[in-house]
Amino acid sequence: MRAERRKKKKTWLRWVTGLLVVLFAGAGIFAYSIYHHVKQTANQMHENVNWKSEKRKENVSFERKTPISILLIGVDERKGDRGRADTLIVMTVNPNKQSIDMVSVPRDTRTEIIGKGTKDKINHSYAFGGVEMTMATVEHFLDIPIDYYIKVNMESFRDIVDAVGGVTVNNPFAFTYEGTHFPKGEITLNGDEALKYSRMRKEDPRGDFGRQDRQKQIIQAIIEKGASFSSLTNYSDVLAAIGKNVKTNLTFEEMKEIQANYKDARKQIKQLHITGQGTKINGIYYLIVPESERLAISNELKEHLELKATAAK
């Protein structure tokens, strides 16, 4: 039931570290004036949340290189609406094994919503209770500690695309969405077009999985432009867009600690994929993940976090 694949390309690592690349960089790389703006952006991104993992028995120590987990949340947040989490990816980072494991949790996964007392689609946890309920629900579903989160506002993501001067992607098939046609092949997108490109789902033969891949394309294209020194002439626009659209409970000091002590984890990237059976309950579509599948993924992540695995019942 479980499909795995290894990728030498650092797709999702580049997503995270790319968006925060200047935050992870030391003063020796950038001039002080840029470093000062970076620190201001990190402070703007920082968001205090009422969260402490119930599954973390000992506090994380960056100096001792405790393996950590980060929940990546892509949120479709529109004006006057909290929105829902369109993308949920858990990344475990083990500097001792010099590796990273990542698993994408399908948005339609039916599970218990922690703090709500009901079963629903896992992405609804964000609409019900924001970041804290999402972290609690994902932690419960995977049965691993969730230490940190990084949230990206997909609605305002156009600002970041425009800040880097647009992006170029390779579209696998032609389609039209919300009045905009996207031909097959290499295309260049502005912010509005990139947002539409990353949202289309129903016309994609792979459904939500196809949309996730297009989101990855956009994000990777942003990183390739935004993280290059050649584009830093407009670094203030890029930082302003990141500051408005990215939130995290990581502080600037913690980001620097991660860069100093965890950077070797980039050497090996492993992607895990959760599969299940689609079904309708009371007319609503859900993805039902078998317990054997959930347990296998959970135990693989636990092993990577150097935690005790759970025996099958």
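Student: What makes both faces of β2 count as covered?

Tutor: Look at the two sides of this strand in turn. Ile68, Ile70, Leu72, Gly74 and Asp76 on one side are buried, and so are Ser69, Leu71, Ile73 and Val75 on the other. Buried means under 20% relative accessible area, exposed means over 50%, and partly exposed lies in between (1.4 Å probe, protein chains only). Since 9 of the 9 residues of β2 are buried, the strand is largely enclosed by the rest of the structure.

Student: Where do these numbers come from?

Tutor: This is a predicted model, in which local features need pLDDT of at least 70 and side-chain atom pairs count only at pLDDT 80 or more, while totals for chains, interfaces and linings use all residues. Residues are numbered from 1 along each chain as its sequence is written, and side-chain values use heavy atoms, with hydrogens and water left out.

Student: How do you know that β2 pairs with β3 and β7?

Tutor: Strands are DSSP runs of E with at least two residues, helices are runs of H or I with at least four, and both are numbered from the N terminus. Two strands pair if DSSP finds at least two bridges between them. β2 has 9 bridges to β3 (residues 84-94), running antiparallel, and Leu72 stands opposite Ile89 there. With β7 (residues 148-153), β2 has 6 bridges in the parallel sense, and Val75 has Asn153 as its bridge partner.

Student: Why is the pair of Phe62 and Tyr148 called stacked?

Tutor: Rings of Phe, Tyr and Trp (its six-membered ring) pair if their centres lie within 6.5 Å; planes under 30 degrees apart count as stacked, over 60 as edge-to-face and the rest as tilted. By this rule there are 6 aromatic pairs. The centres of Phe62 and Tyr148 are 6.2 Å apart and their planes are at 25°, so this pair is stacked. Phe62 sits in the loop between α3 and β2 and Tyr148 in strand β7, 86 residues apart.

Student: Why are Phe62 and Tyr148 called buried?

Tutor: Compare each value with the cut-off. Phe62 has a relative accessible area of 11%, so Phe62 is buried. Tyr148 is at 9%, so Tyr148 counts as buried too.

Student: What makes the pair of Phe182 and Tyr197 tilted?

Tutor: Their centres are 5.7 Å apart and their planes are at 55°, so the pair is tilted. Phe182 lies in strand β10 and Tyr197 in helix α6, so the pair ties together parts that are 15 residues apart in sequence. Both residues are buried, and together with Phe173 and Phe175 they form one aromatic cluster.

Student: Which residues have the most contacts inside the largest nonpolar core?

Tutor: A nonpolar core is a set of buried Ala, Val, Leu, Ile, Met, Phe, Trp, Tyr and Cys residues joined through side-chain atoms within 4.5 Å. The largest one has 42 residues, and Ile68, Phe157, Val167, Leu189, Tyr197, Ile218 and Ile222 have the most contacts inside it. A second, separate core of 26 residues includes Val49, Val105, Phe141 and Leu305.

Student: Why is Lys65 called partly exposed?

Tutor: Its relative accessible area is 32%, so Lys65 falls in the partly exposed range. Lys65 lies in the loop between α3 (32-45) and β2 (68-76). Its phi is near 60°, a positive value in a residue other than glycine. Most residues other than glycine have a negative phi.
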